[in-house]
Structure formats: structure tokens, C-alpha cells
Amino acid sequence: MNFPTQTQTLPPVYVTEADHEILSNLAQAVADRAAGSRVLASEMARAVIVEPGDAPRPFASIGSTLEYQDLSSGQVRRVRLSLPRDASIDEGRISVLTPVGAALIGMTAGETFQWTGHDGRPRGVRALSIEA
């Protein structure tokens with residue numbers, strides 16, 4: 001998969017005030033000890049805080065179930081975004097502190113987000129569908 005070399009326009013990140021507080025505190029508390037903490041912190045820094053139901057479209061939040069496509073492999077997965085304590089790969093719940101979970105939080109269906117992984121390789125996801 002080829003990723004653009006030019007600067008990408010980042011999709012909007014929507015979060016409720018309650019989720020913003022939880023996610024910002026979580027990213028700060030784990031700093032660089034979790035793989036997705038840097039992505040999560042940068043996403044919360046640019047987040048648009050909305051009241052539940054006030055975003056232009058449904059967005060991925062803590063507890064949302066969504067389908068996404070991994071842009072590197074093309075694989076489509078269905079997951080539920082969760083806090084680290086509730087995450088279970090076997091049950092399809094991914095933590096918001098994983099790179100993919102941090103990338104998906106706040107996205108709306110159809111949006112794409114790309115980042116550079118800790119190994120220096122380009123990564124990306126496209127949100128396909130979101131259920132509250």
C-alpha cells in the first residue's frame with residue numbers, strides 16, 4: 001500500500017466533553033508507555049467537543065462498534081472501542097490506547113486517518129461504519 005508523501009488533511013475528531021476528559025487524562029497518564037498514547041494525545045489536542053447527538057454524523061466513541069479497513073493489508077475488521085481495562089482481542093474489543101483504537105476514536109464513517117508507527121512504517125485506517 002502506498003501512502004501519500006504530502007501532508008494529509010486530517011479528518012475531524014469528534015468527542016463528547018466526558019470522553020475528551022477521560023481520553024486526555026488517559027493519554028497523559030500513560031505518556032509513552034502505551035503504543036497509541038502519542039496518537040491519542042494528538043487527536044485529543046485537536047478534537048472538536050460536541051454534545052451527544054450534535055455532530056454532523058455518528059462518530060466513534062468509547063463503546064462504539066465499528067468496521068474499519070486496515071489500509072496496509074486491506075483487511076476489514078469489526079471491533080468495539082473500549083478503555084484498556086475492558087479490552088479483549090478475543091472478544092473484539094480494542095483499547096483506545098492501541099494505535100488503531102486511538103486512530104479510530106472520533107472518526108466518522110468514510111474518513112481515513114494515517115500515521116507513522118513506532119517502527120517507522122506508515123499505517124492507516126478507514127472507518128467504514130459506526131454504531132453507537
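**Close-ups of a predicted model**

**View 1. The hairpin of β3 and β4.** Let's start where the chain turns back: the hairpin of β3 and β4 has 5 residues between its strands, and G74 there takes a positive phi near 80 degrees. Keep in mind that this is a predicted model. On either side of that turn, β3 (residues 65-70) and β4 run antiparallel, joined by 5 bridges. If you want a pair to look for, T65 stands opposite R80 in β4.

**View 2. From β4 across to β5.** Stay with β4 and look at its pairing with β5. Here the two strands run parallel, and 3 bridges join them. One spot to pick out is S82, whose bridge partner in β5 is S95. As for confidence, β4 (residues 76-82) has the highest mean pLDDT among the elements of the protein, at 97.

**View 3. The whole sheet.** Now step back to take in the sheet that these strands belong to. It's an open one with 5 strands, and reading across you get β5-β4-β3-β7-β6, with mixed pairing. Which strands sit at the edges? They are β5 (93-95) and β6 (112-116), each of which pairs on one side only. From one strand to the next, the twist averages 45 degrees.

**View 4. The β6 edge.** Zoom in on β6 and you'll see it paired with β7 (residues 122-131) in the antiparallel sense, over 5 bridges. T116 is a handy marker here, as it stands opposite P122 in β7. Among the protein's elements, β6 has the lowest mean pLDDT, 88.

**View 5. Two helices crossing.** Away from the strands, have a look at α1 (residues 17-30) and α2 (residues 37-45). Their axes come within 9 Å and cross at roughly 140 degrees. That angle makes α1 oblique to α2, and the crossing is left-handed. Who makes the contact? On the α1 side it's H20, L23, S24, A27 and V30, and on the α2 side S37, L40, A41 and M44. Sort the residues of this contact by class and you get 6 nonpolar, 3 polar and no charged ones.

**View 6. The start of the chain.** Finally, a stretch to read with some care: over residues 1-7, pLDDT stays under 50. For these residues the model has 9 contacts beyond four places in sequence. For the bigger picture, the protein averages a pLDDT of 87, and 94% of the residues score at least 70.

Note on methods
Residues numbered from 1 in each chain as written. Predicted model: local features only at pLDDT ≥ 70, side-chain atom pairs only at ≥ 80, totals over all residues. Heavy atoms only, no water. Axes fitted to C-alpha atoms, helices over the stretch in contact; angles between N-to-C directions. Helix = DSSP H or I, 4+ residues; strand = E, 2+ residues; numbered from the N terminus. Parallel < 35°, antiparallel > 145°, perpendicular 65-115°, else oblique. Left-handed = near helix turned anticlockwise from the far one by under 90°. Contact = heavy atoms within 4.5 Å. Nonpolar A, V, L, I, M, F, W, Y, C, P; charged D, E, K, R; others polar. Pairing = 2+ DSSP bridges. pLDDT = per-residue confidence, 0-100.
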